[in-house]
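Visitor: I have a new model on my screen and would enjoy a guided look at it. Could you take me through it step by step?

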Amino acid sequence: EKGGHDYFMLKEIEEQPEALENTLRGHFHDGGIVLDEQRLTEQDLRDIDKVFVVACGTAYHSGLLAKYAIEHWCRIPVEVELASEFRYRDPVLGRDTLVVAISQSGETADTLEAVRHARTQRARVLAICNTNGAQIPRESDAVLYTHAGPEIGVAATKTFLAQIAANYLVGLALAQARGTKYSDEVAREFGALAAMPDAVRKTLGTVGQMRALGKELADSKAVLFLGRHVGYPVALEGALKLKELAYMHAEGFAAGELKHGPIALIEDGLPVVIVMPSAKGRALLHSKMLSNIREIQARGARTIVIAEEGDETVRPFADELVEIPAVPTLLQPLVSTVPMQVLAAEIARARGYDVDKPRNLAKSVTVE
Ligand code: M6R
(Lines give C-alpha, C1' and ligand atoms only; values in the text may rest on other atoms or scores of the structure.)
Protein backbone atom coordinates (compact mmCIF):
# COMPACT_ATOMS: atom_id res chain seq x y z
CA GLU A 1 0.00 0.00 0.00
CA LYS A 2 2.99 2.28 0.39
CA GLY A 3 3.52 1.59 -3.31
CA GLY A 4 7.01 0.23 -2.76
CA HIS A 5 8.04 3.26 -0.70
CA ASP A 6 9.75 3.11 2.68
CA TYR A 7 7.05 5.33 4.20
CA PHE A 8 3.73 6.89 3.17
CA MET A 9 5.09 10.40 3.26
CA LEU A 10 7.54 9.60 0.46
CA LYS A 11 4.73 8.09 -1.58
CA GLU A 12 2.64 11.20 -0.97
CA ILE A 13 5.54 13.48 -1.90
CA GLU A 14 5.77 11.61 -5.18
CA GLU A 15 2.02 11.90 -5.74
CA GLN A 16 2.23 15.69 -5.74
CA PRO A 17 2.11 16.14 -9.53
CA GLU A 18 -1.18 14.16 -9.66
CA ALA A 19 -2.52 16.00 -6.60
CA LEU A 20 -1.98 19.26 -8.46
CA GLU A 21 -3.44 17.95 -11.70
CA ASN A 22 -6.54 16.70 -9.94
CA THR A 23 -6.97 19.97 -8.06
CA LEU A 24 -6.71 22.06 -11.21
CA ARG A 25 -8.86 19.75 -13.30
CA GLY A 26 -12.48 20.75 -13.14
CA HIS A 27 -11.84 24.24 -11.83
CA PHE A 28 -11.46 25.86 -15.26
CA HIS A 29 -14.41 25.75 -17.67
CA ASP A 30 -15.39 27.83 -20.65
CA GLY A 31 -12.50 30.20 -20.14
CA GLY A 32 -13.15 30.85 -16.45
CA ILE A 33 -12.44 29.60 -12.93
CA VAL A 34 -15.23 27.64 -11.27
CA LEU A 35 -15.65 26.76 -7.60
CA ASP A 36 -17.22 23.51 -6.41
CA GLU A 37 -20.03 24.83 -4.29
CA GLN A 38 -21.00 28.38 -4.89
CA ARG A 39 -23.71 29.88 -2.76
CA LEU A 40 -22.49 33.41 -3.44
CA THR A 41 -23.68 35.50 -6.37
CA GLU A 42 -21.34 37.12 -8.90
CA GLN A 43 -22.35 40.41 -7.31
CA ASP A 44 -21.32 39.16 -3.85
CA LEU A 45 -17.88 38.32 -5.22
CA ARG A 46 -17.62 41.63 -7.05
CA ASP A 47 -18.38 43.52 -3.85
CA ILE A 48 -15.60 41.87 -1.81
CA ASP A 49 -13.24 44.60 -0.62
CA LYS A 50 -11.21 42.76 2.02
CA VAL A 51 -9.94 39.21 2.40
CA PHE A 52 -8.92 37.37 5.56
CA VAL A 53 -7.25 34.00 5.23
CA VAL A 54 -7.47 31.79 8.32
CA ALA A 55 -5.84 28.39 8.87
CA CYS A 56 -3.47 26.43 11.12
CA GLY A 57 -0.05 24.86 10.63
CA THR A 58 0.86 23.91 7.10
CA ALA A 59 -2.47 25.19 5.79
CA TYR A 60 -1.56 28.58 7.28
CA HIS A 61 1.72 28.55 5.38
CA SER A 62 -0.20 27.98 2.16
CA GLY A 63 -2.44 30.87 3.20
CA LEU A 64 0.54 33.21 3.51
CA LEU A 65 1.10 32.62 -0.19
CA ALA A 66 -2.50 33.53 -1.02
CA LYS A 67 -1.72 37.10 0.02
CA TYR A 68 1.00 37.54 -2.62
CA ALA A 69 -1.28 36.29 -5.39
CA ILE A 70 -4.61 37.87 -4.40
CA GLU A 71 -3.20 41.33 -3.70
CA HIS A 72 -1.25 41.22 -6.96
CA TRP A 73 -4.13 40.03 -9.11
CA CYS A 74 -7.16 41.59 -7.41
CA ARG A 75 -5.87 44.72 -5.69
CA ILE A 76 -7.80 43.82 -2.53
CA PRO A 77 -6.06 43.95 0.86
CA VAL A 78 -5.46 40.47 2.28
CA GLU A 79 -4.64 39.55 5.87
CA VAL A 80 -3.49 36.07 6.77
CA GLU A 81 -3.97 34.93 10.33
CA LEU A 82 -3.67 31.83 12.45
CA ALA A 83 -7.22 30.63 13.10
CA SER A 84 -6.44 30.26 16.81
CA GLU A 85 -5.64 33.99 17.00
CA PHE A 86 -8.39 35.24 14.70
CA ARG A 87 -11.16 33.48 16.62
CA TYR A 88 -10.34 35.20 19.89
CA ARG A 89 -9.86 38.68 18.43
CA ASP A 90 -12.33 41.23 17.30
CA PRO A 91 -11.40 41.51 13.62
CA VAL A 92 -13.20 44.13 11.55
CA LEU A 93 -15.49 42.19 9.24
CA GLY A 94 -18.64 42.88 7.27
CA ARG A 95 -20.74 41.63 4.36
CA ASP A 96 -18.04 42.60 1.88
CA THR A 97 -15.32 40.69 3.67
CA LEU A 98 -14.34 37.29 2.32
CA VAL A 99 -12.89 34.89 4.86
CA VAL A 100 -10.98 32.08 3.19
CA ALA A 101 -10.68 29.11 5.55
CA ILE A 102 -8.08 26.55 4.51
CA SER A 103 -8.19 23.09 6.05
CA GLN A 104 -7.15 19.74 4.66
CA SER A 105 -9.39 17.81 7.06
CA GLY A 106 -12.15 20.38 7.20
CA GLU A 107 -12.53 19.54 10.89
CA THR A 108 -9.80 21.56 12.62
CA ALA A 109 -11.38 23.06 15.75
CA ASP A 110 -9.75 26.48 15.57
CA THR A 111 -10.43 26.94 11.86
CA LEU A 112 -14.05 25.88 12.30
CA GLU A 113 -14.50 28.35 15.16
CA ALA A 114 -12.84 31.08 13.07
CA VAL A 115 -15.45 30.38 10.36
CA ARG A 116 -18.27 30.63 12.91
CA HIS A 117 -16.78 33.81 14.34
CA ALA A 118 -16.69 35.32 10.83
CA ARG A 119 -20.24 34.30 10.04
CA THR A 120 -21.68 35.92 13.14
CA GLN A 121 -20.34 39.16 11.67
CA ARG A 122 -21.99 38.43 8.31
CA ALA A 123 -18.71 37.92 6.47
CA ARG A 124 -18.75 35.58 3.47
CA VAL A 125 -16.81 32.37 3.95
CA LEU A 126 -15.05 30.34 1.30
CA ALA A 127 -13.57 27.00 2.34
CA ILE A 128 -10.59 25.28 0.73
CA CYS A 129 -10.77 21.68 1.86
CA ASN A 130 -9.56 18.21 0.92
CA THR A 131 -12.38 16.27 2.55
CA ASN A 132 -15.79 16.11 0.92
CA GLY A 133 -18.64 17.13 3.17
CA ALA A 134 -16.50 17.98 6.21
CA GLN A 135 -17.80 20.47 8.77
CA ILE A 136 -15.91 23.56 7.55
CA PRO A 137 -17.19 23.33 3.96
CA ARG A 138 -20.68 22.56 5.31
CA GLU A 139 -20.67 25.87 7.18
CA SER A 140 -19.25 27.93 4.31
CA ASP A 141 -20.82 29.99 1.50
CA ALA A 142 -18.54 28.60 -1.17
CA VAL A 143 -16.13 25.68 -1.40
CA LEU A 144 -13.15 24.78 -3.50
CA TYR A 145 -12.07 21.20 -2.94
CA THR A 146 -8.45 20.24 -3.34
CA HIS A 147 -8.47 16.81 -4.90
CA ALA A 148 -5.18 15.65 -3.44
CA GLY A 149 -6.61 12.28 -2.40
CA PRO A 150 -6.36 10.86 1.13
CA GLU A 151 -3.19 11.81 2.98
CA ILE A 152 -2.05 9.12 5.42
CA GLY A 153 1.17 10.68 6.67
CA VAL A 154 0.52 13.05 9.56
CA ALA A 155 2.82 15.58 7.93
CA ALA A 156 0.98 17.49 5.23
CA THR A 157 2.74 17.30 1.85
CA LYS A 158 0.57 16.85 -1.23
CA THR A 159 -2.30 18.72 0.42
CA PHE A 160 0.04 21.71 0.92
CA LEU A 161 0.81 21.92 -2.78
CA ALA A 162 -2.85 21.43 -3.62
CA GLN A 163 -3.80 24.22 -1.19
CA ILE A 164 -1.36 26.61 -2.84
CA ALA A 165 -2.92 25.88 -6.22
CA ALA A 166 -6.42 26.28 -4.73
CA ASN A 167 -5.50 29.65 -3.22
CA TYR A 168 -4.35 30.84 -6.60
CA LEU A 169 -7.57 29.61 -8.20
CA VAL A 170 -9.52 31.62 -5.64
CA GLY A 171 -7.37 34.65 -6.49
CA LEU A 172 -8.12 34.22 -10.17
CA ALA A 173 -11.85 33.70 -9.50
CA LEU A 174 -11.92 36.97 -7.58
CA ALA A 175 -9.92 38.78 -10.26
CA GLN A 176 -12.36 37.48 -12.83
CA ALA A 177 -15.42 38.56 -10.84
CA ARG A 178 -13.97 41.99 -10.06
CA GLY A 179 -12.70 42.54 -13.56
CA THR A 180 -9.13 43.26 -12.45
CA LYS A 181 -8.05 40.63 -14.99
CA TYR A 182 -9.44 40.03 -18.46
CA SER A 183 -10.46 36.50 -19.30
CA ASP A 184 -7.44 35.95 -21.55
CA GLU A 185 -5.17 36.91 -18.62
CA VAL A 186 -7.02 34.53 -16.30
CA ALA A 187 -6.60 31.81 -18.93
CA ARG A 188 -2.89 32.60 -19.20
CA GLU A 189 -2.37 32.43 -15.42
CA PHE A 190 -4.32 29.17 -15.32
CA GLY A 191 -2.12 27.84 -18.13
CA ALA A 192 0.98 28.62 -16.04
CA LEU A 193 -0.56 26.72 -13.11
CA ALA A 194 -1.46 23.83 -15.38
CA ALA A 195 2.21 23.51 -16.35
CA MET A 196 3.23 23.00 -12.70
CA PRO A 197 2.52 19.28 -12.34
CA ASP A 198 5.30 18.64 -14.86
CA ALA A 199 7.64 21.04 -13.10
CA VAL A 200 6.99 19.22 -9.80
CA ARG A 201 7.59 15.90 -11.56
CA LYS A 202 10.95 17.22 -12.66
CA THR A 203 11.72 18.42 -9.13
CA LEU A 204 11.24 14.86 -7.87
CA GLY A 205 14.62 14.32 -9.50
CA THR A 206 16.11 15.86 -6.33
CA VAL A 207 14.75 13.09 -4.07
CA GLY A 208 17.96 11.02 -4.20
CA GLN A 209 20.15 14.04 -3.44
CA MET A 210 17.93 15.10 -0.52
CA ARG A 211 17.79 11.61 0.96
CA ALA A 212 21.58 11.44 0.96
CA LEU A 213 21.83 14.92 2.45
CA GLY A 214 19.26 13.98 5.12
CA LYS A 215 21.49 11.15 6.30
CA GLU A 216 24.46 13.53 6.48
CA LEU A 217 22.55 16.09 8.54
CA ALA A 218 20.99 13.63 10.97
CA ASP A 219 23.22 14.65 13.86
CA SER A 220 22.82 18.39 13.46
CA LYS A 221 21.63 20.30 16.52
CA ALA A 222 19.49 22.69 14.52
CA VAL A 223 18.71 23.77 10.98
CA LEU A 224 17.71 27.26 9.86
CA PHE A 225 15.62 28.11 6.79
CA LEU A 226 15.76 31.43 4.96
CA GLY A 227 13.49 32.83 2.31
CA ARG A 228 12.26 36.11 0.88
CA HIS A 229 8.95 37.05 -0.73
CA VAL A 230 7.15 33.80 -1.64
CA GLY A 231 10.23 31.92 -0.44
CA TYR A 232 9.52 33.05 3.12
CA PRO A 233 6.40 30.90 3.74
CA VAL A 234 8.32 28.03 2.12
CA ALA A 235 11.10 28.52 4.70
CA LEU A 236 8.50 28.41 7.50
CA GLU A 237 7.07 25.21 6.07
CA GLY A 238 10.51 23.62 5.70
CA ALA A 239 11.20 24.35 9.37
CA LEU A 240 7.81 23.00 10.49
CA LYS A 241 8.37 19.73 8.62
CA LEU A 242 11.72 19.27 10.29
CA LYS A 243 10.41 20.05 13.79
CA GLU A 244 7.43 17.73 13.58
CA LEU A 245 9.24 14.80 11.96
CA ALA A 246 12.82 14.90 13.21
CA TYR A 247 12.17 16.61 16.58
CA MET A 248 14.99 18.95 15.73
CA HIS A 249 15.21 22.64 16.44
CA ALA A 250 14.34 24.39 13.21
CA GLU A 251 13.40 27.99 12.45
CA GLY A 252 12.30 29.72 9.29
CA PHE A 253 13.20 33.37 8.82
CA ALA A 254 12.59 36.13 6.32
CA ALA A 255 16.14 36.69 5.08
CA GLY A 256 15.76 40.44 5.53
CA GLU A 257 15.43 39.83 9.28
CA LEU A 258 18.87 38.22 9.59
CA LYS A 259 20.57 41.39 10.80
CA HIS A 260 17.76 42.02 13.29
CA GLY A 261 18.66 39.01 15.38
CA PRO A 262 18.84 35.57 13.78
CA ILE A 263 22.36 36.07 12.38
CA ALA A 264 23.58 35.69 15.97
CA LEU A 265 22.56 32.01 15.73
CA ILE A 266 25.00 31.29 12.92
CA GLU A 267 27.94 29.22 14.03
CA ASP A 268 30.44 26.89 12.46
CA GLY A 269 28.82 24.02 10.59
CA LEU A 270 25.19 25.10 11.22
CA PRO A 271 23.12 23.94 8.23
CA VAL A 272 21.10 26.76 6.67
CA VAL A 273 18.63 25.99 3.89
CA ILE A 274 18.12 28.95 1.57
CA VAL A 275 15.31 29.37 -0.97
CA MET A 276 16.78 31.44 -3.76
CA PRO A 277 14.44 33.79 -5.67
CA SER A 278 14.42 33.57 -9.43
CA ALA A 279 17.32 35.50 -10.99
CA LYS A 280 15.27 36.64 -13.96
CA GLY A 281 11.93 37.19 -12.29
CA ARG A 282 13.20 38.88 -9.13
CA ALA A 283 16.68 40.22 -9.84
CA LEU A 284 16.72 42.62 -6.88
CA LEU A 285 15.62 40.00 -4.36
CA HIS A 286 18.06 37.57 -5.92
CA SER A 287 21.01 39.88 -5.36
CA LYS A 288 19.91 40.66 -1.77
CA MET A 289 19.72 36.94 -1.09
CA LEU A 290 23.17 36.40 -2.56
CA SER A 291 24.63 38.87 -0.07
CA ASN A 292 22.73 37.15 2.77
CA ILE A 293 24.27 33.81 1.79
CA ARG A 294 27.71 35.39 1.58
CA GLU A 295 27.28 36.77 5.10
CA ILE A 296 26.23 33.55 6.70
CA GLN A 297 28.80 31.51 4.82
CA ALA A 298 31.52 33.86 6.05
CA ARG A 299 30.36 33.05 9.59
CA GLY A 300 30.77 29.33 9.03
CA ALA A 301 27.24 28.20 8.08
CA ARG A 302 26.87 25.17 5.85
CA THR A 303 24.75 26.56 3.03
CA ILE A 304 22.17 24.38 1.30
CA VAL A 305 20.82 26.47 -1.54
CA ILE A 306 17.64 25.66 -3.44
CA ALA A 307 17.97 27.60 -6.69
CA GLU A 308 16.72 27.63 -10.26
CA GLU A 309 18.69 25.43 -12.60
CA GLY A 310 21.18 27.49 -14.55
CA ASP A 311 21.63 30.00 -11.71
CA GLU A 312 25.44 30.00 -11.81
CA THR A 313 25.87 33.11 -9.62
CA VAL A 314 24.91 31.17 -6.54
CA ARG A 315 27.20 28.20 -7.07
CA PRO A 316 30.28 29.63 -5.28
CA PHE A 317 28.21 30.23 -2.14
CA ALA A 318 26.40 26.92 -2.04
CA ASP A 319 27.99 24.10 -0.07
CA GLU A 320 25.13 22.04 -1.45
CA LEU A 321 23.24 23.22 -4.51
CA VAL A 322 19.75 21.85 -5.05
CA GLU A 323 18.46 22.68 -8.51
CA ILE A 324 14.77 23.21 -9.21
CA PRO A 325 13.09 24.11 -12.52
CA ALA A 326 12.72 27.79 -13.42
CA VAL A 327 9.03 28.73 -13.10
CA PRO A 328 7.11 32.02 -12.68
CA THR A 329 7.80 33.71 -9.32
CA LEU A 330 4.41 33.09 -7.66
CA LEU A 331 4.59 29.43 -8.58
CA GLN A 332 8.09 28.76 -7.27
CA PRO A 333 6.83 27.48 -3.86
CA LEU A 334 5.27 24.52 -5.67
CA VAL A 335 8.73 23.33 -6.62
CA SER A 336 10.97 24.74 -3.85
CA THR A 337 8.97 22.98 -1.12
CA VAL A 338 9.56 19.50 -2.49
CA PRO A 339 13.26 19.05 -1.59
CA MET A 340 12.57 20.35 1.94
CA GLN A 341 9.85 17.76 2.51
CA VAL A 342 12.23 14.97 1.53
CA LEU A 343 15.04 16.42 3.63
CA ALA A 344 12.88 16.53 6.78
CA ALA A 345 11.58 13.00 6.28
CA GLU A 346 15.02 11.60 5.66
CA ILE A 347 16.62 13.32 8.65
CA ALA A 348 13.81 11.87 10.77
CA ARG A 349 14.37 8.40 9.37
CA ALA A 350 18.10 8.58 9.91
CA ARG A 351 17.37 9.48 13.54
CA GLY A 352 15.20 6.39 13.81
CA TYR A 353 11.76 8.02 13.98
CA ASP A 354 8.44 6.95 12.47
CA VAL A 355 8.01 9.46 9.65
CA ASP A 356 4.32 8.75 9.15
CA LYS A 357 3.37 9.02 12.82
CA PRO A 358 5.37 11.69 14.59
CA ARG A 359 5.03 11.75 18.36
CA ASN A 360 2.36 13.89 20.05
CA LEU A 361 0.66 14.78 16.76
CA ALA A 362 -2.69 13.82 15.25
CA LYS A 363 -3.69 14.10 11.61
CA SER A 364 -6.78 16.04 12.45
CA VAL A 365 -6.78 18.47 15.41
CA THR A 366 -10.41 18.52 16.48
CA VAL A 367 -9.76 19.84 19.97
CA GLU A 368 -7.99 23.07 20.85
O1 M6R B 1 -6.65 19.69 8.53
P2 M6R B 1 -6.00 21.03 8.58
O3 M6R B 1 -5.43 21.45 7.25
O4 M6R B 1 -6.93 22.09 9.11
O5 M6R B 1 -4.81 20.92 9.59
C6 M6R B 1 -4.07 22.04 9.98
C7 M6R B 1 -2.76 21.63 10.63
O8 M6R B 1 -3.01 20.84 11.77
C9 M6R B 1 -1.89 20.82 9.67
O10 M6R B 1 -1.64 21.55 8.51
C11 M6R B 1 -0.55 20.45 10.32
O12 M6R B 1 0.20 21.59 10.60
C13 M6R B 1 0.21 19.51 9.39
N14 M6R B 1 -0.27 18.16 9.51
C15 M6R B 1 1.68 19.56 9.61
O16 M6R B 1 2.35 18.79 8.66
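Visitor: Which residue in β12 does V275 stand opposite?

Guide: First, a word on the source: this is a predicted model, where local features need pLDDT of at least 70 and side-chain atom pairs count only at pLDDT 80 or more, while totals for chains, interfaces and linings use all residues. Residues are numbered from 1 along each chain as its sequence is written, and side-chain values use heavy atoms, with hydrogens and water left out. Strands here are DSSP E runs of at least two residues and helices are H or I runs of at least four, numbered from the N terminus. β11 and β12 run parallel and are joined by five bridges, and the residue opposite V275 is I306.

Visitor: What is the strand order of the open sheet of five strands?

Guide: Two strands pair if DSSP finds at least two bridges between them. The pairing in this sheet is parallel, and the order is β10-β9-β11-β12-β13.

Visitor: Which strands are at its edges?

Guide: An edge strand pairs on one side only. From one strand to the next, the twist averages 20°. The two edge strands are β10 (249-254) and β13 (320-324).

Visitor: Which strands do the buried residues of α13 pack against?

Guide: Buried means under 20% relative accessible area, exposed over 50%, and partly exposed in between, using a 1.4 Å probe and protein chains only. In α13, the buried residues are L285, H286, M289, L290, N292, I293, E295 and I296. They pack against β9 (222-227), β11 (271-275) and β12 (302-308).

Visitor: How far apart are the end C-alpha atoms of α13?

Guide: The expected span of a helix is 1.5 Å times one less than its number of residues. For the 16 residues of α13 (283-298) that gives 22 Å, and the model agrees, with its end C-alpha atoms 23 Å apart.

Visitor: What is the order of the six strands in the other open sheet?

Guide: Its pairing is mixed. Within it, β6 (97-103) and β7 (124-129) pair in the parallel sense over six bridges, and I102 has I128 of β7 as its bridge partner. The full order is β3-β8-β7-β6-β4-β5.

Visitor: What angle does helix α6 make with β6?

Guide: Axes are lines fitted to C-alpha atoms, for helices over the stretch in contact, and angles run from 0 to 180 degrees between N-to-C directions. Helix α6 (109-120) lies across β4, β6 and β7, and its angle to β6 is about 165°.

Visitor: Is H27 buried or exposed?

Guide: H27 sits in the loop between α2 (16-24) and β1 (28-29). Beyond its neighbours within four places in sequence, H27 is in contact (heavy atoms within 4.5 Å) with residues including G32, D36, L144 and L169. Its relative accessible area is 1%, so H27 is buried.

Visitor: How does K2 count in terms of exposure?

Guide: K2 is in the segment before α1 (8-14). Leaving aside neighbours within four places in sequence, K2 is in contact with Y7, F8, K11 and D356. Because its relative accessibility is 30%, K2 counts as partly exposed.

Visitor: How far is an oxygen atom of the ligand from an N or O atom in the side chain of E244?

Guide: A polar contact is a pair of N or O atoms within 3.5 Å; within protein, one must be able to donate a hydrogen and the other to accept it, and residues adjacent in sequence count only if both atoms are side-chain atoms. A polar side-chain atom of K241 lies 3.1 Å from a ligand oxygen atom. For E244, the distance is 2.6 Å.
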